[in-house]
Amino acid sequence: MNIITSAFPQRRMRRMRKHDFSRRLMAENTLSVNDLIYPMFVLEGNNRTETIASMPGVERYSIDLLLKEAQELVELGIPLIALFPVTPSEKKTLLAEEAYNADALAQRAVRALKEAFPDLGVMTDVALDPFTTHGQDGIIDEDGYILNDITTEILVKQALSHAEAGADIIAPSDMMDGRIGAIRQALEEAGHVNTQIMAYSAKYSSNYYGPFRDAVGSAGNLKGGNKHSYQMDPANSDEALHEVALDIQEGADMVMVKPGMPYLDIVTRVKTELAVPTFAYQVSGEYAMHMAAIENGWLAEKAIVMESLMCFKRAGANGVLTYFAKRAAQWLKEDQAK
């Protein structure tokens, strides 16, 4: 950047910071409800909720209560929710057949949501870890290695079942090679030409996912294993650009960087160097850390949450998946009413 400016005291940088009105006028980024995506966990049964110990304030909902929660989200103006099913252990298998069962939990939840709230965007997770007995995102061989092409075949079936249930956005989070092209081709051939794909293109093999695995019930199946052979090395950034470019070429409409705040440099590089719709996931570990500090009185809840979300916008994200989405939308609505 070539900055041409006068020197102090002709130029006092604090002059524009003195008043609220001038700070508002010169703000380079803004945050609105349109930037928020709310991840939600759905479980079997009726009139059921479950708390998640490692994610204070986040709950699992049965479909009937999920609909009641969705009503409030619609009234707040949140444009999109991301669904994650909690699969009972007896339905988990080595080949993850429940992932593409037309009457499985995620598919039923999508149908119920779209019937009740047709204008609320619904995004579904396409990955096999909630459905496998070992907690990995794909089919394994005798050595525990994830088999790419067989996994992709099942991911295609899963994606089609979600599209047929009415999902607006398919979000493959598995990090298999070539799965975006295979899913896009299958969607086209099945007539789902307007079903969008948000690819988890730069998903890192991170330690920030622990509370999420508790939430969907895959932590116990994973049993201390890792996902290093398919999720990205946290040391790498050029690799992320290659992953994103491949997914866009194969038919992704938008891409995601995950985790969020520790990887804002990746968000910036993807947005500035590839100029594609770019989203980021403020993941469960980030949420849990914020909540621990908030509940101990070490950080002020609204101030720190809104600052964290603004950081995503400053880095270039078009939107943020965050467990704070509902609270942030409420605060934005209250501020607008003042």
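Here's a walk through one pocket, two cavities and a pair of helices in a predicted model.

Let's start with the largest pocket, which holds about 230 Å³ of space. Look for Arg23, Arg24, Ala27, Glu28, Asn29, Thr30 and Leu31 around it, along with Met310. Sort that lining by type and you get three nonpolar, two polar and three charged residues.

Met310 also sits within the numbering of helix α11, which covers residues 301-315. So how do α11 and its partner α10 (residues 284-295) sit relative to each other? Their axes come within 10 Å and cross at roughly 155 degrees. Angles over 145 degrees count as roughly antiparallel, and that's why α10 and α11 get that description. Their crossing is right-handed. If you zoom in on the contact, you'll find Glu286, His290 and Ile294 from α10 meeting Glu301, Ile304, Val305, Ser308 and Phe312 from α11. That set is made up of four nonpolar, two polar and two charged residues.

Now for the enclosed spaces. There are two cavities of 30 Å³ or more. The largest has about 130 Å³ of space, and 14 residues line it. Closest to its centre are Asp129, Ser173, Lys203, Phe212 and Lys258. Strand β9 (196-203) and helix α6 (210-216) each give two or more residues to this lining. Overall, the lining has six nonpolar, two polar and six charged residues.

The second largest cavity has about 60 Å³ of space. Its lining includes Pro85, Val86, Thr87 and Pro88, as well as Glu44 and Phe131. Here the split is seven nonpolar, one polar and three charged.

Note on methods. Residues are numbered from 1 along each chain as its sequence is written. This is a predicted model: local features need pLDDT of at least 70, side-chain atom pairs count only at pLDDT 80 or more; totals for chains, interfaces and linings use all residues. Side-chain values use heavy atoms; hydrogens and water are left out. On a 1 Å grid over the protein atoms alone, a cavity is a set of points where a 1.4 Å probe fits but cannot get out, and a pocket is an open set with protein on both sides within 12 Å along at least five of seven lines; lining residues have an atom within 4 Å of a point. Grid points are joined across faces, edges and corners, and a volume is the space filled by probe spheres set on the points. Ala, Val, Leu, Ile, Met, Phe, Trp, Tyr, Cys and Pro count as nonpolar, Asp, Glu, Lys and Arg as charged, and the others, Gly among them, as polar. Axes are lines fitted to C-alpha atoms, for helices over the stretch in contact, and angles run from 0 to 180 degrees between N-to-C directions. Helices (H or I, at least four residues) and strands (E, at least two) are DSSP runs, numbered from the N terminus. Angles under 35 degrees count as roughly parallel, over 145 as roughly antiparallel, 65 to 115 as roughly perpendicular and the rest as oblique. A crossing is left-handed if the near helix is turned anticlockwise from the far one by less than a right angle, and right-handed if clockwise. Contact means heavy atoms within 4.5 Å.
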